[in-house]
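Hi,

Here is the structure I promised to pass on. Please open it first, then read my notes below.

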Amino acid sequence: MISLLRTKLSLSSSLHKAPIFTVMDSYGSQRLVALAQQLRFYKPPSLSPDEIEEQNIEESAGKVVPQVGFQESATSIVKDPERFRPNRAAVLVCIFEGDAGDFRVILTKRSSTLSTHSGEVSLPGGKADESDKDDFETATREAEEEIGLDPSLVNVVTVLEPFLSKHLLRVIPVIGILTNKKAFKPTPNPAEVEAVFDAPLEMFIKDENRRVEEREWMGEKYLIHFFDYETGNKKYLIWGLTAGILIKAASVIYQRPPAFVEQNPRFKFPKGASNDTVTR
């Protein structure tokens, strides 16, 4: 089985700024307090000796990356200034406690007028601005611009391993906790967002209402996961990068792997990769 190398990108710039929680008022219910404590000390999985050896071999051969919705590899690219560097972005995985006591995540349906990913379901977020001091600020700033989510309502607790989008954009999932759901009144920016809704996080590690498509790129086969979700007489399809991030987030939060095979592949950047390159 092909082993997926985990990223070794420095997460400390964001992690050390996570708030210290000492009182329940900051995180709401006791269950949210426990979740915040759990996530505050989350660390990406360490590389095995075999993976470290594999990484050293790959560093001399070229950057290795996964396709849509999978974690970026550990291979460093900062040593070679001529080597392609993907742009950076951050998305907010905003968790709150539902009326039934379950963890739920806020999602958006993108405007049908957008030039890319129009009408698709996504997490609030976007590309980093030079003025953003860290990934937390990128994710919460974009969430406020897109859906009117006041950053003061969100307690950011950790980040997950970076993912790489099909446009070769490095996406950092930022996990935040919304303690007072009633204080959040969605005001979607019509230029970017058509709808705001929420879904149970646990659905992304259950083998229900899910289908897959097998695809291949540069000789590597991989699976893209599609989740069907219906709420308020509206149907949504959650797939690709968003599904991949939510599978990972749910696995971390519920501390168990998904009940299905993910089949995460590894890919090398094609020669001549640039910020205009799109994987298929």
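Start at V193, which lies in strand β10 (residues 193-200). Bear in mind throughout that this is a predicted model. V193 is buried, at a relative accessible area of 4%. What does V193 touch, leaving aside neighbours within four places in sequence? The list is T108, K109, R110, S111, E146, I147 and P188. V121 is worth finding too. V193 and V121 are 72 residues apart in sequence, yet their C-alpha atoms are 9.6 Å apart in space.

Next, the strands around β4.

Strand β4 covers residues 103-110. Of its 8 residues, 6 are buried, so β4 is largely enclosed by the rest of the structure. Which strands does β4 pair with? Here they are, one by one:

- β10: 7 bridges join it to β4, and the two run antiparallel. Look for R104, which stands opposite P200 in β10.
- β3 (residues 88-97): the pairing with β4 is antiparallel, over 3 bridges. E97 has F103 in β4 as its bridge partner.
- β5 (residues 121-122): this pairing with β4 is also antiparallel, over 2 bridges. K109 has V121 in β5 as its bridge partner.

The β3 and β4 pair forms a hairpin, with 5 residues between the strands. Check G101 in that turn. Its phi is positive, about 85°.

Note how V121 and K109 come back here. K109 is among the contacts of V193, and V121 is the bridge partner of K109.

Now the helices.

Helix α2 spans residues 30-40. Its buried residues are L32, V33, L35, A36, L39 and R40. Why do they fall on the same side of α2? They cover an arc of only 160° around the axis, and that puts them there.

Helix α5 (residues 240-254) meets α2. The two axes come within 10 Å and cross at roughly 105°. Angles from 65 to 115 degrees count as roughly perpendicular, so that is how α2 and α5 stand to each other. On the α2 side, the contact uses R31, L35, Q38 and L39. On the α5 side, it uses V252, I253 and Y254. By type, the residues of this contact divide into 5 nonpolar, 1 polar and 1 charged. L35 and L39 appear twice in these notes: both are buried in α2, and both take part in the contact with α5.

S251 is also in α5. Is S251 buried or exposed? Its relative accessibility is 14%, so S251 counts as buried. Not counting residues up to four places away in sequence, S251 touches I205, R256, P257 and P258. L201 is another residue to look up. S251 and L201 are 50 residues apart along the chain, with their C-alpha atoms separated by 9.5 Å.

Last, T138. You will find T138 in helix α4 (residues 135-147). T138 is buried, with a relative accessible area of 1%. Which residues does T138 touch, not counting those up to four places away in sequence? They are A90, G126, K127, A128 and D132. One of these, A90, falls within the residue range of β3 (88-97). Helix α4 also ties back to the start of my notes: E146 and I147 lie in its range (135-147), and both are in contact with V193.

Best wishes

Notes: Residues numbered from 1 in each chain as written. Predicted model: local features only at pLDDT ≥ 70, side-chain atom pairs only at ≥ 80, totals over all residues. Heavy atoms only, no water. Buried < 20%, exposed > 50% of the residue type's maximum accessible area, 1.4 Å probe, protein only. Helix = DSSP H or I, 4+ residues; strand = E, 2+ residues; numbered from the N terminus. Arc of directions from axis to C-beta. Contact = heavy atoms within 4.5 Å. Axes fitted to C-alpha atoms, helices over the stretch in contact; angles between N-to-C directions. Parallel < 35°, antiparallel > 145°, perpendicular 65-115°, else oblique. Nonpolar A, V, L, I, M, F, W, Y, C, P; charged D, E, K, R; others polar. Pairing = 2+ DSSP bridges.
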